[in-house]
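Work through the exercises below with the structure at hand. Try each task before reading its solution.

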Amino acid sequence: MVLRILFLVMVFSPQLANAITVSIDGGPALCGNPTGYAIANVFGGTPPYSYQWSNGATTDTIIGLWPGLYSVTVTDAVLDQASAQFTVLDDPNPVLNYFGS
């Protein structure tokens with residue numbers, strides 16, 4: 001009698017996390033003053049995230065920005081990175097609504 005043995009090898013691959021991406025929302029500076037802001041929105045990756053902005057900030061939101069170009073690099077827990085840029089525009093003629101007497 002011949003004994004035949006069948007080896008079944010199953011390879012399980014862990015489901016990979018979504019690739020990390022980042023986008024930036026923000027608002028303008030008013031009349032050339034440092035009133036602009038930018039918010040980094042991170043999608044995918046593995047939390048926690050660290051932030052490195054071109055102005056040296058290390059939080060997800062930066063405020064008090066002058067008109068100009070800002071960039072952020074976000075690094076996740078497994079050291080994957082994503083970057084984005086945002087231009088804070090200068091609004092020289094903001095519309096102010098005044099209601100009152």
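**Exercise 1. Find what share of the contacts links residues 24 or more positions apart.**

Solution. Take the contacts in the protein chain with a separation of 6 or more; residues 24 or more positions apart account for 49% of them. Contact means heavy atoms within 4.5 Å.

A note on the source: this is a predicted model, where local features need pLDDT of at least 70, side-chain atom pairs count only at pLDDT 80 or more, and totals for chains, interfaces and linings use all residues. Residues are numbered from 1 along each chain as its sequence is written, and side-chain values use heavy atoms, with hydrogens and water left out.

**Exercise 2. Describe the protein chain as a whole: its helices and strands, its buried share and its exposed area.**

Solution. Start with the elements. The protein chain has 8 strands and 0 helices. Helices (H or I, at least four residues) and strands (E, at least two) are DSSP runs, numbered from the N terminus. Next, burial. The protein chain has 101 residues, and 24% of them count as buried. Buried means under 20% relative accessible area, exposed over 50%, and partly exposed in between (1.4 Å probe, protein chains only). Last, area. About 7,700 Å² of the protein chain is exposed, with 60% supplied by carbon and sulfur atoms. Accessible areas come from the Shrake-Rupley method with a 1.4 Å probe; for residues, only the protein chains shown count as cover.

**Exercise 3. Work out how β7 pairs with β6 and which residues form its two faces.**

Solution. First, the pairing. β6 and β7 run antiparallel and are joined by 8 bridges. Two strands pair if DSSP finds at least two bridges between them. L69 has T87 in β7 as its bridge partner. T73 has S83 in β7. Then, the faces. Strand β7 spans residues 81–88. A82, A84, F86 and V88 make its covered face. Q81, S83, Q85 and T87 make the uncovered one. In a regular strand, side chains alternate between the two faces of the sheet. Finally, the turn. The hairpin of β6 and β7 has 5 residues between the strands, and L79 there takes a positive phi near 70 degrees.

**Exercise 4. Place D76 and list its polar partners.**

Solution. D76 sits in the loop between β6 and β7. D76 counts as buried because its relative accessibility is 3%. Now check the side chain. A polar atom of the D76 side chain lies 3.1 Å from the backbone nitrogen of V78. A polar atom of that D76 side chain also lies 2.8 Å from the backbone nitrogen of D80. Leaving out residues up to four places away in sequence, D76 touches I20, G45, T46, P48 and Y49.

**Exercise 5. Decide whether T75 is buried or exposed, and find its bridge partner.**

Solution. T75 belongs to strand β6. T75 is buried because its relative accessible area is 14%. Strand β4 (residues 50–53) pairs with β6 in the antiparallel sense over 4 bridges. In this pairing, S50 is the bridge partner of T75. The side chains of T75 and Q81 make a polar contact at 3.0 Å. A polar contact is a pair of N or O atoms within 3.5 Å; within protein, one must be able to donate a hydrogen and the other to accept it, and residues adjacent in sequence count only if both atoms are side-chain atoms.

**Exercise 6. Locate W66 and name residues it touches.**

Solution. W66 lies in the loop between β5 (61–65) and β6 (68–75). W66 is partly exposed, at 48% relative accessible area. Leaving out residues up to four places away in sequence, W66 touches A29, G32, N33, P34 and V88.
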